[in-house]
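The exercises below take a reader through one protein model, step by step. Each begins with a task and is followed by a worked solution.

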Amino acid sequence: MKVAVEILTGTLFYIEVGNDATVADLKKEIGAQQKLPQDRLILFLDNKQTRLISEDQGDGATLVDCGVRDGSHIYLFFDPVDLDESSDQSWPHYSCLEQASMSNRGQKGEGI
């Protein structure tokens, strides 16, 4: 299957994986093609729910089980590098996942 992957910078690229590929397989292909650390990749499937891929099943789940189909559009986020303890902790730091979650709540009219 061939999927479109979009980074928030607007970069769009295509990845081809087997029909039985797992989330880990997709992350490995993205990492190799784009020279990105696959352990920091967070993938959201653009469908009616725009949900996190592998949220419930983990990276071992097949893409098909996560709702990914041939031609699916996937948004790519990055999990931030851990801050060391000597850095300034007075400013709130949120992971991409937390930021996306807050953004989704705000779009639905819910409080943060």
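**Exercise 1. A bridge partner**

Which residue in E5 is the bridge partner of Phe44?

Solution. Before starting, note that this is a predicted model, in which local features need pLDDT of at least 70 and side-chain atom pairs count only at pLDDT 80 or more, while totals for chains, interfaces and linings use all residues. Residues are numbered from 1 along each chain as its sequence is written, and side-chain values use heavy atoms, with hydrogens and water left out.

Step one is to find the strands, bearing in mind that helices (H or I, at least four residues) and strands (E, at least two) are DSSP runs numbered from the N terminus. Phe44 lies in strand E3, residues 41-45, whereas strand E5 covers residues 73-78.

Step two is to see how these strands run: E3 and E5 pair in the antiparallel sense over 5 bridges, where pairing requires that DSSP finds at least two bridges between two strands. Step three is to read off the partner, and in E5 the residue bridged to Phe44 is Tyr75. In the neighbouring part of the exercise, Leu43 stands opposite Leu76 in E5.

**Exercise 2. The overall layout**

State how many helices and strands the protein has, and in which order they follow one another.

Solution. Counting gives 2 helices and 5 strands, and reading along the sequence gives the pattern β-β-α-β-β-β-α. Another pairing involves strand E1 (residues 2-7), which joins E5 in the parallel sense over 4 bridges, with Ala4 standing opposite His73 in E5.

**Exercise 3. The aromatic pair**

Describe the aromatic pair of the structure, and explain what it ties together.

Solution. The structure holds 1 aromatic pair, formed by Phe44 and Phe77, with 5.0 Å from centre to centre and 70° between the planes. The rule is that rings of Phe, Tyr and Trp (its six-membered ring) pair if their centres lie within 6.5 Å, and that planes under 30 degrees apart count as stacked, over 60 as edge-to-face and the rest as tilted; the pair of Phe44 and Phe77 is therefore edge-to-face. Because Phe44 belongs to E3 and Phe77 to E5, the pair ties together parts that are 33 residues apart in sequence.

Both Phe44 and Phe77 are buried, a word that means under 20% relative accessible area, with exposed meaning over 50% and partly exposed what lies in between (1.4 Å probe, protein chains only).

**Exercise 4. Strand E3 and the nonpolar core**

Work out how the residues of E3 are placed, and which residues touch the most other members of the largest nonpolar core.

Solution. Leu41, Leu43 and Leu45 point one way from E3, while Ile42 and Phe44 point the other way, and 5 of the 5 residues of E3 are buried.

A nonpolar core is a set of buried Ala, Val, Leu, Ile, Met, Phe, Trp, Tyr and Cys residues joined through side-chain atoms within 4.5 Å. The largest has 20 residues, of which Val3, Ile15, Leu26, Ile30 and Leu76 touch the most other members. E1, strand E2 (12-16), H1, E3 and E5 each supply at least two residues of this core. In soluble globular proteins, nonpolar side chains tend to be buried together.

**Exercise 5. Buried or exposed?**

Decide whether Lys27, Thr22, Lys35 and Val81 are buried or exposed.

Solution. Lys27 is found in helix H1 (residues 23-34) and is buried, because its relative accessible area is 11%. Apart from residues up to four places away in sequence, Lys27 touches Gln38, Leu41, Leu43 and Asp59, a contact being heavy atoms within 4.5 Å.

Thr22, in the loop between E2 and H1, has 17% relative accessibility and so counts as buried. With the same exclusion of residues up to four places away, the contacts of Thr22 are Asp59, Gly60, Ala61, Thr62 and Leu63.

Lys35, placed in the loop between H1 and E3, is exposed because its relative accessibility is 72%. The phi of Lys35 is near 55°, a positive value in a residue other than glycine.

Val81 lies in the loop between E5 and helix H2 (96-107), and its 57% relative accessibility is why Val81 counts as exposed.
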